[in-house]
Amino acid sequence: MHAGLERNRIRKHLLVFALAAPVLSMVTYLGLSKSSKEALSEVNATGVAMLFSAGTFLYVATVHVLPEVGGMGHSHKPESTGGKGLSRLEVAALVLGCLIPLVLSIGHQH
């Protein structure tokens, strides 16, 4: 509504969004439980699906949060920073947080 979309269009988008997870989880379950299990296990399909799911979640969360953190998005606070952006310390913390899983995975094998 903030972007000026019509209510009916918003309802359609919300319906598609709400149905996406349960419908696709059923499709994934059916796809993984069929006789092609052997072919799927060769490419680690479950792991790839989980990586795709986690990556999608992180992308959506990041796209939603970063503009507000950087001062470019809309704010719910009465006082606004006016597009200040991220400080060097905040950028360093963000990069460090991205690199921690990489460091923890060194030497870890399955």
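Colleague: Which residues does UniProt place under the feature "transmembrane region"?

Modeller: The unreviewed UniProt entry gives that feature to residues 12-32, 44-66 and 86-107. Annotations of this kind may be inferred rather than shown by experiment, and the model we are reading is itself predicted.

Colleague: How much helix and how much strand is there over residues 86-107?

Modeller: That stretch is 77% helix and 0% strand, with its end C-alpha atoms 33 Å apart. For the chain as a whole, the count is four helices and zero strands, so the order from the N terminus reads α-α-α-α.

Colleague: Happy with that. What share of the residues counts as buried?

Modeller: The cut-off to keep in mind is that buried means under 20% relative accessible area. Here 4% of the 110 residues pass that test. The chain exposes about 10100 Å², and 69% of this area is supplied by carbon and sulfur atoms.

Colleague: Which residues make the nonpolar surface patch?

Modeller: Leu66, Leu86, Val91, Leu94, Val95, Leu99 and Leu102 make it, with an area of about 550 Å². Helix H4, residues 88-104, gives the largest share of the patch, five residues.

Colleague: Take Leu94 as a test case. Why does Leu94 count as partly exposed?

Modeller: Partly exposed is the class between the 20% and 50% limits. Leu94 has 42% relative accessibility, so it belongs to that class. Leu94 is found in helix H4, the element behind the largest share of the patch.

Colleague: Let's turn to pockets. How much space lies in the largest pocket, and which residues are nearest its centre?

Modeller: The largest pocket holds about 560 Å³ of space. Its lining has 14 residues, and Ala21, Leu24, Phe52, Ser53 and Thr56 lie nearest the centre. Two elements, helix H1 (7-33) and helix H3 (45-69), each give two or more residues to that lining. H3 provides the largest share, eight residues.

Colleague: And Thr28: where is Thr28 found?

Modeller: Thr28 is found in helix H1. With 38% relative accessibility, Thr28 counts as partly exposed, by the limits we used for Leu94.

Colleague: How far apart are Thr28 and Ala49, in sequence and in space?

Modeller: They are 21 residues apart in sequence, while their C-alpha atoms are 8.7 Å apart in space. You can pick out both residues in the structure above and check the pair yourself.

How values were computed
Residues numbered from 1 in each chain as written. Predicted model: local features only at pLDDT ≥ 70, side-chain atom pairs only at ≥ 80, totals over all residues. Heavy atoms only, no water. Patch = residues over 30% accessible without salt bridge, like charges linked within 9 Å, V, L, I, M, F, W, Y side chains within 5 Å. Areas by Shrake-Rupley, 256 points an atom, 1.4 Å probe, with all protein chains shown as cover. Salt bridge = Lys/Arg side-chain N within 4 Å of Asp/Glu carboxyl O. Buried < 20%, exposed > 50% of the residue type's maximum accessible area, 1.4 Å probe, protein only. 1 Å grid on protein atoms, 1.4 Å probe; cavity = no way out; pocket = protein on both sides within 12 Å on 5 of 7 lines; lining within 4 Å. Points joined across faces, edges and corners; volume = space filled by probe spheres on them.
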